Amino acid sequence: MSKNNAKIKALAAAFPHTIPILAGFLFLGMTYGILITTEGFPFWFPILTSIFVFAGSAEFAGVSMLLGGFNPLQALAMTLMINARHLFYGISMLEKYKGMGAKKLYLIFGLCDESFSINCTADIPEDVDRGDFMFFVTLLDQLYWISGCTLGGIFGSFISFNTEGLDFVMTAMFVVIFLEQWLKEKSHISSIAGLAIPFLCLVIFGADKFIIPSMIALVFALALLRRPIERGVNE
Amino acid sequence: MTLTEQLITIGMIVLGTVITRFLPFVAFPGGKETPKFITYLGKALPSAVFGLLIIYCLKNVNVFEFSHGLPELISILLVVIIHLWQRKMLLSIASGTICYMLLVQTVF
């Protein structure tokens, strides 16, 4: 098989996994593009952030940072807090992204919730190059996001069909992936902790502040439950 | 804010995002042996992270106010049932999303 054919094969294997993200990112990207341009920013702003930031929740929060007074350190601190969950993605992908060469830089740069979900859990066919597959998942995801942001930024004011509730596509995707993990794993301790601890933290700390306490509590819980979990993971 | 200040702010958002994504790979480079506990976390975390992501998606649902999280609950149950029945990812996601859109646009 020639090199190009192999690439096309990886792209064809990757694409179906990204279809829910296509729907979700076009919608969310457009929402973001419309939001930021109606706040008075030029159409190329959402395009710029979708290329260089590529992190939905930080970009949405960025709109209010841009509207407030100039405070770069606060912007940095807020972004670190909003995106802290990415640390867990990196730790989970240390092994999978090993030996990916130059592609690795882009794989890490594009490690958003959705790219992580697919690259961490997809059963990649034996005859497809793993690096190419994961690269295309990440690239497609970012292209969807850039397209959504661009469309929202340029045509935002002309769009008026009822898309209320379409953002649920991302929730549904995470539910399905959670379920797939559940069906595959021997020990459910980690899955249960992953639902219960953030839920408790949400009740205690509220929607804006629960992620970091959840992450700290999860690491402690996984450390304490290491023995029973490892029995399940290693089988 | 001037345009330069806005671009610096965006630069800070880029920097913050890049730090959270690259830090684990910089701290535990491929060439050196990764501490056992981190390797363990890498295996145990994904299941927990998807739970965290579900809660994250639902964080603004208020069970004490109208709609009471019912559209979310019904649609998630539908996703689970359809997925356990057919085990086809796209079908489960599409049914749940369409169900949710119908519920929030027409019923609630």
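Which handedness does the crossing have where H1(A) passes H2(A)? Keep that in mind as you load the structure, which is a predicted model.

**Stop 1: two helices in chain A**

Select residues 3-38 of chain A for helix H1, then residues 44-52 of chain A for helix H2. Look along the place where they pack: H1(A) passes H2(A) in a right-handed crossing. Their axes are 8 Å apart, and the angle is about 130°. With that angle, H1(A) and H2(A) are therefore oblique to each other.

Now show side chains. On the H1(A) side, pick A:Tyr32, A:Gly33, A:Ile36 and A:Thr37; on the H2(A) side, they meet A:Phe45, A:Pro46 and A:Thr49. Colour this contact by class and you get four nonpolar, three polar and no charged residues.

**Stop 2: the domains of chain A**

Zoom out and colour chain A by domain. Domain 1 takes in 3-167 and domain 2 takes in 185-235. Put a marker on the C-alpha centre of each, and the two markers sit 25 Å apart.

Where do the domains touch? Five residues of domain 1 of chain A are in contact with four residues of domain 2 of chain A. Together the two domains bury about 410 Å² between them, and carbon and sulfur atoms give 93% of that area.

**Stop 3: the domains of chain B**

Hide chain A for a moment and do the same with chain B. Here the assignment gives domain 1 as 1-57 and domain 2 as 60-108. The centres of these domains, taken over C-alpha atoms, are separated by 30 Å.

**Stop 4: chain A against chain B**

Bring both chains back. How many residues does each chain put into the contact? Chain A supplies 93 residues and chain B supplies 67 residues. The area buried between chain A and chain B is about 7200 Å², with 79% of it from carbon and sulfur atoms. To see where chain A loses the most area to chain B, select A:Phe70, A:Leu94 and A:Phe168, which together make up 9% of what that side buries.

**Stop 5: H4 of chain A on H1 of chain B**

Next, select residues 72-82 of chain A (helix H4) and residues 3-27 of chain B (helix H1). The axes come within 8 Å and cross at roughly 30°. The crossing of H4(A) and H1(B) is right-handed.

Turn on side chains again. H4(A) contributes A:Pro72, A:Ala75, A:Leu76, A:Thr79 and A:Leu80, while residues from H1(B) include B:Ile8, B:Met12, B:Leu15 and B:Ile19. By class, this contact of H4(A) with H1(B) has nine nonpolar, five polar and no charged residues.

**Stop 6: H9 of chain A on H2 of chain B**

For the last stop, select residues 168-184 of chain A (helix H9) and residues 36-57 of chain B (helix H2). These axes come within 9 Å and cross at roughly 155°. That angle makes H9(A) roughly antiparallel to H2(B). Check the handedness too: this crossing of H9(A) and H2(B) is left-handed.

Among the H9(A) residues here are A:Phe174, A:Val175 and A:Phe178, and among those in H2(B) are B:Pro46, B:Phe50 and B:Cys57. The residues of the contact of H9(A) with H2(B) come out as nine nonpolar, four polar and no charged.

Key: Residues are numbered from 1 along each chain as its sequence is written. Chains are lettered from A and ligands numbered from 1 in the order in which they are written. This is a predicted model: local features need pLDDT of at least 70, side-chain atom pairs count only at pLDDT 80 or more; totals for chains, interfaces and linings use all residues. Side-chain values use heavy atoms; hydrogens and water are left out. Domain bounds come from an automatic or database domain assignment. Axes are lines fitted to C-alpha atoms, for helices over the stretch in contact, and angles run from 0 to 180 degrees between N-to-C directions. Helices (H or I, at least four residues) and strands (E, at least two) are DSSP runs, numbered from the N terminus. Angles under 35 degrees count as roughly parallel, over 145 as roughly antiparallel, 65 to 115 as roughly perpendicular and the rest as oblique. A crossing is left-handed if the near helix is turned anticlockwise from the far one by less than a right angle, and right-handed if clockwise. Contact means heavy atoms within 4.5 Å. Ala, Val, Leu, Ile, Met, Phe, Trp, Tyr, Cys and Pro count as nonpolar, Asp, Glu, Lys and Arg as charged, and the others, Gly among them, as polar. Buried area is the accessible area (1.4 Å probe) that two parts lose on being put together, summed over both.
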